[in-house]
Amino acid sequence: MKITAGLGSVDDYPLFAEAGADECFCGYVPFSWAEKYGILNPLNRREVRAYNVQIGSYEELRILGSMRQEYQMPVALTFNALSYTPEQYPVVGEIMEQCCRAGFDTMIVADPALMVYVRQQGLPCQIHLSGEFGEVNSQMAEFLEEMKIRRVIFHRKNTTEEMKSCISHLKQNIEYEAFVLNEQCHFSGAFCNSLHCDELGHLCQTPYRLGPIRQKESRELEAMLQKLRTVEQAEPGLDVENFLTGVSGCGLCALFELRESKITHLKVVGRGNHTESMLQDIRQVKRALEMLETAGTKEEFQKQMKAEVFPGGCSGNCYYR
């Protein structure tokens, strides 16, 4: 299995490559799009400019394209909006053509209508089915094959058994990607109505409480929140003792099942994260994969990983239980 890492800045690309990432994904939102459509008509659902979340200019994109040729580490560009207006499809198509001219040939797409538009226009790019697409099931097989999808990115709520079942119905030349670290959002991407922008706080980060919990659960919750506070108060990645891998979502214990399900790529979410935190995440996933190669059983792998990667305990914020 290969590691694909979220890239928020051109400067991080060589660092991620040296840390062990096999490929990256990032967003590209030209200022012309932001100026015309604002935050209510997102290009990739990350309309953020206050910190490093995506590429914001064509010149930066060209620089990243040149670096890609040097390091030979693939980069996919995200077009994660769930839908676009009829007038926007030609605009999005033109942006995709710009990306191709800058040296990028892989687009992550969530909107099925955009996939149809790309194929009808004959744009020279591969398509990865975005994790924001929504439900992924075996009934989609015919559509995915018709659209010549290169990779299926399963959304956050898919179980390992569901992935395994879907993969068994699809052709073997398709790649499969699953979330493994960070941002275990309680929403499914396709059903999230939050705006990810500078002007408003993310809905998924709004504190809330669903109902009464037992005393034991309350103590466990408080212990987990204390770990979160410790990591937030520390400068991420610089104080290794305080850094906790996968504090906002972790699937490392499920690597054995993910491999058996024929997952080919592991997504490390990280656009907007501190560079040092992402480097730690990439190294930890690479370390866990090395353990997976030598482990004979799932139990042996999990025992070794918990002892070496989580000696002080993990966050308990599991993607796959």
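Is Glu-59 buried, exposed or partly exposed? Select this residue to begin the tour of what is a predicted model, and you will find that Glu-59 is partly exposed, with a relative accessible area of 48%.

Keep Glu-59 selected and add Arg-62, since the two side chains meet in a salt bridge with an N to O distance of 3.6 Å. Both residues belong to helix H3, which spans residues 58-71, and because they are three residues apart there, about one helical turn separates them. Arg-62, like its partner, counts as partly exposed, its relative accessibility being 45%.

Next, move to Glu-177 and display Arg-151 beside it, where a salt bridge brings the closest N and O atoms to 2.7 Å apart. Glu-177 lies in strand S8 (residues 175-181) and Arg-151 in strand S7 (residues 149-153), so this pair ties together parts that are 26 residues apart in sequence. Here the relative accessible area is 2% for Glu-177, which is buried, and 3% for Arg-151, which is buried as well.

Leave Glu-177 on screen and select Lys-267, which forms a salt bridge with Glu-177 at 3.0 Å between the closest N and O atoms. Lys-267 sits in strand S9 (residues 265-268) and Glu-177 in strand S8, so that the pair links distant parts of the chain, 90 residues apart; both of these residues are buried.

To finish, extend the selection to Glu-23, Arg-150 and Glu-175, which together with Arg-151, Glu-177 and Lys-267 are linked in a network of salt bridges. The count for the model comes to eleven salt bridges.

Methods: Residues numbered from 1 in each chain as written. Predicted model: local features only at pLDDT ≥ 70, side-chain atom pairs only at ≥ 80, totals over all residues. Heavy atoms only, no water. Salt bridge = Lys/Arg side-chain N within 4 Å of Asp/Glu carboxyl O. Helix = DSSP H or I, 4+ residues; strand = E, 2+ residues; numbered from the N terminus. Buried < 20%, exposed > 50% of the residue type's maximum accessible area, 1.4 Å probe, protein only.
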